[in-house]
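Okay, thanks for coming, everyone. Let me put the model up on the screen and we'll walk through one part of it together.

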Amino acid sequence: MDLHELIDKTVTGLGYELVDIEQSPRGRVLRLFIDKPDGVDVEDCALVSNQLSRVLTVENVDYDRLEVSSPGLDRVLKKLADFERFVGSQINLRLRLPTKNGQRNFNGVLQSVQNGIISLTTDTGDMELNLGNIDKARLVPKFDHR
């Protein structure tokens with residue numbers, strides 16, 4: 001079992017979603033982002049960190065530091081399920097390859113996801129983009145200005 005599978009199995013086994021894993025260039029720092037439907041707090045992060053530390057020790061995974069946190073308000077969207085879950089949300093994305101007009105960066109409301117294509121409403125109109133061409137995508141945080 002590779003490291004990603006080991007971490008994913010442990011995190012999901014505890015009832016959380018593994019949103020993302022970042023590793024430092026030499027793999028010395030493991031940074032995990034976890035979530036659950038009602039959000040995560042410090043206790044959730046501590047629980048995952050403690051359990052995963054034990055698992056990584058048993059599996060002889062060599063690392064210096066483990067960091068576990070929530071994905072934040074500007075959470076990354078990577079998996080198909082992420083895009084499906086956040087339909088109706090404002091997102092910011094960058095394409096691997098530009099569109100015919102040379103544009104790579106988009107900001108708009110995610111309208112739908114079907115057959116590997118996302119529909120996005122931007123200031124310039126509606127567009128469809130191939131999910132496989134998305135390099136990075138994040139939620140745009142909403143703040144209530146009262």
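So, start at Arg-94: across from it, in strand 5, you'll find Asn-105. Bear in mind this is a predicted model. Now go to Asn-92, and its bridge partner in strand 5 is Asn-107. Those pairs belong to the pairing of strand 4, residues 90-95, with strand 5, residues 105-114. The two run antiparallel, and five bridges join them.

Okay, what does strand 5 do with strand 6? Strand 6 covers residues 117-122, and it pairs with strand 5 over five bridges, again in the antiparallel sense. If you want a spot to look at there, take Ser-112, which stands opposite Ser-119 in strand 6.

Then there's the turn. Strand 5 and strand 6 make a hairpin with two residues between the strands. Click on Asn-115 in that hairpin: its phi is positive, near 50°.

Now zoom out. Which order do the strands take in the sheet? Reading across, you get 7-6-5-4-8, so to speak: five strands in an open sheet, with antiparallel pairing. At the edges sit strand 7, residues 125-130, and strand 8, residues 134-139, and each of those pairs on one side only. Going from one strand to the next, the twist averages 40°.

That's my tour; over to you.

Methods:
Residues numbered from 1 in each chain as written. Predicted model: local features only at pLDDT ≥ 70, side-chain atom pairs only at ≥ 80, totals over all residues. Heavy atoms only, no water. Pairing = 2+ DSSP bridges. Helix = DSSP H or I, 4+ residues; strand = E, 2+ residues; numbered from the N terminus. Axes fitted to C-alpha atoms, helices over the stretch in contact; angles between N-to-C directions.
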